Amino acid sequence: MERFGFSGDTRQPVVLTIPGLNNSGPGHWQSLWEDTRGDCERVDLGSWASPNRNAWVTRLDAAIRAANGPVILAAHSLGCMAVAWWGALQSQAYGWPVTGALLVAPPDCDRMETPETIGGFGPTPRAPLPFPSILVASRDDPYIFFERAHSVGKYWGSEFVDAGHVGHINADSGLGEWSFGQGLLERLIDNAQEQASAMRQSRPAIPLARQTLTSAGLRAHL
């Protein structure tokens, strides 16, 4: 099968949702997206209450490979750390098979007071992610200082979005289907499709070049 963006390849990106510690319940925006959108599938990382970094990264890698096509990751909390470690440990070409990631409320796994249940995901990877990404942070997230979240976004090469005062951006935040987050996700999808369209026109024989998000209005929106 040809790679996304070449000749007759018209595959659309699948969105893999990646919850954090203790999984995402029915009122979480990830669960609601899976119920209402037709492009979202949850990654079963297993051991939700006692996560293991290597096991989670291995399961995430298997899910990405099983998708057999373009993938966008929509991660929350500790799921963001699993994505960051996958990006640091895997050697994918920039933008393929993961074409983008929405990283919401990553925790700070480097603090002295980090709970043992998530401490194994530290230290936070500092390698730029091999795909476009948007990191969304709340100003009153109890699991990471806002300034620290901004620094993490710089490590990963992510566009940074200030979500305001919405706690840990989870079910307790009362976001419902979180239309704001869906708008950011759609921008990542649009960006992937724009890259594919450009590749179909030029049909280069080289991997996607590293670039920042080019979707219309993204920077203006931020």
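Here is a friendly exchange between two people looking over this predicted model.

Colleague: Before we start, what should I keep in mind about the numbering, and which pLDDT do local features need?
Modeller: Residues are numbered from 1 along each chain as its sequence is written, and side-chain values use heavy atoms, with hydrogens and water left out. This is a predicted model, where totals for chains, interfaces and linings use all residues, side-chain atom pairs count only at pLDDT 80 or more, and local features need pLDDT of at least 70.

Colleague: Thanks! How many helices and strands does the protein chain have?
Modeller: Helices (H or I, at least four residues) and strands (E, at least two) are DSSP runs, numbered from the N terminus. Along the sequence they follow the pattern β-α-β-α-β-α-β-α-β-α-β-α-α. The totals come to 7 helices and 6 strands.

Colleague: What percentage of the residues in the protein chain is buried?
Modeller: Buried means under 20% relative accessible area, exposed over 50%, and partly exposed in between, with a 1.4 Å probe and protein chains only. Of the 222 residues in the protein chain, the buried share is 54%.

Colleague: Which element gives the largest share of the largest nonpolar core?
Modeller: A nonpolar core is a set of buried Ala, Val, Leu, Ile, Met, Phe, Trp, Tyr and Cys residues joined through side-chain atoms within 4.5 Å. The largest one has 38 residues, and Ile 18, Leu 60, Leu 73, Val 83, Leu 103 and Trp 156 have the most contacts inside it. Elements giving two or more residues to this core include strand S1 (14–18), helix H2 (53–67), helix H3 (78–89) and helix H5 (146–156). The largest share, 8 residues, comes from H3.

Colleague: And which residues is Ile 18 in contact with, leaving aside its neighbours within four places in sequence?
Modeller: Contact means heavy atoms within 4.5 Å. With those neighbours set aside, the partners of Ile 18 include Leu 60, Leu 73 and Val 83. The others are Gln 30, Val 43, Leu 45, Ala 74, Ala 75, His 76 and Gly 79.

Colleague: Is S3 largely enclosed or open, and how many of its residues are buried?
Modeller: Val 71, Leu 73 and Ala 75 point one way from S3, while Ile 72, Ala 74 and His 76 point the other way. In a regular strand the side chains alternate between the two faces of the sheet. S3 is largely enclosed by the rest of the structure, because its buried residues number 6 of the 6.

Colleague: How many bridges join S3 to S4?
Modeller: Two strands pair if DSSP finds at least two bridges between them. S1 and S3 pair in the parallel sense over 5 bridges, with Val 15 opposite Ile 72 in S3. On S4, Leu 102 is the bridge partner of Ala 74. S3 and S4 also run parallel, and the bridges that join them number 6.

Colleague: Where on H2 do the buried residues sit, and what arc do they cover?
Modeller: The buried residues of H2 are Trp 56, Val 57, Leu 60, Asp 61 and Ile 64. They lie on the same side of H2, because their arc around the axis (taken from the directions from the helix axis to the C-beta atoms) is only 135°.

Colleague: What do those buried residues of H2 pack against?
Modeller: The face of H2 turned away from the buried side carries exposed Thr 58, Arg 65 and Ala 66. The buried residues of H2 pack against S1, S3, H3 and S4.

Colleague: Is His 165 buried or exposed, and at what relative accessibility?
Modeller: His 165 is found in the loop between strand S6 (159–162) and helix H6 (179–202). Its C-alpha atom is separated by 5.5 Å from that of Ser 138, 27 residues apart along the chain. His 165 counts as exposed, at a relative accessibility of 61%.

Colleague: Last one: which residue is joined to Trp 96 by a cis peptide bond?
Modeller: The bond has omega of about 5°, and the partner lies in the loop between H3 and S4. Another cis peptide bond runs from Gly 122 to Pro 123, with omega near -5°. The residue joined to Trp 96 is Pro 97.
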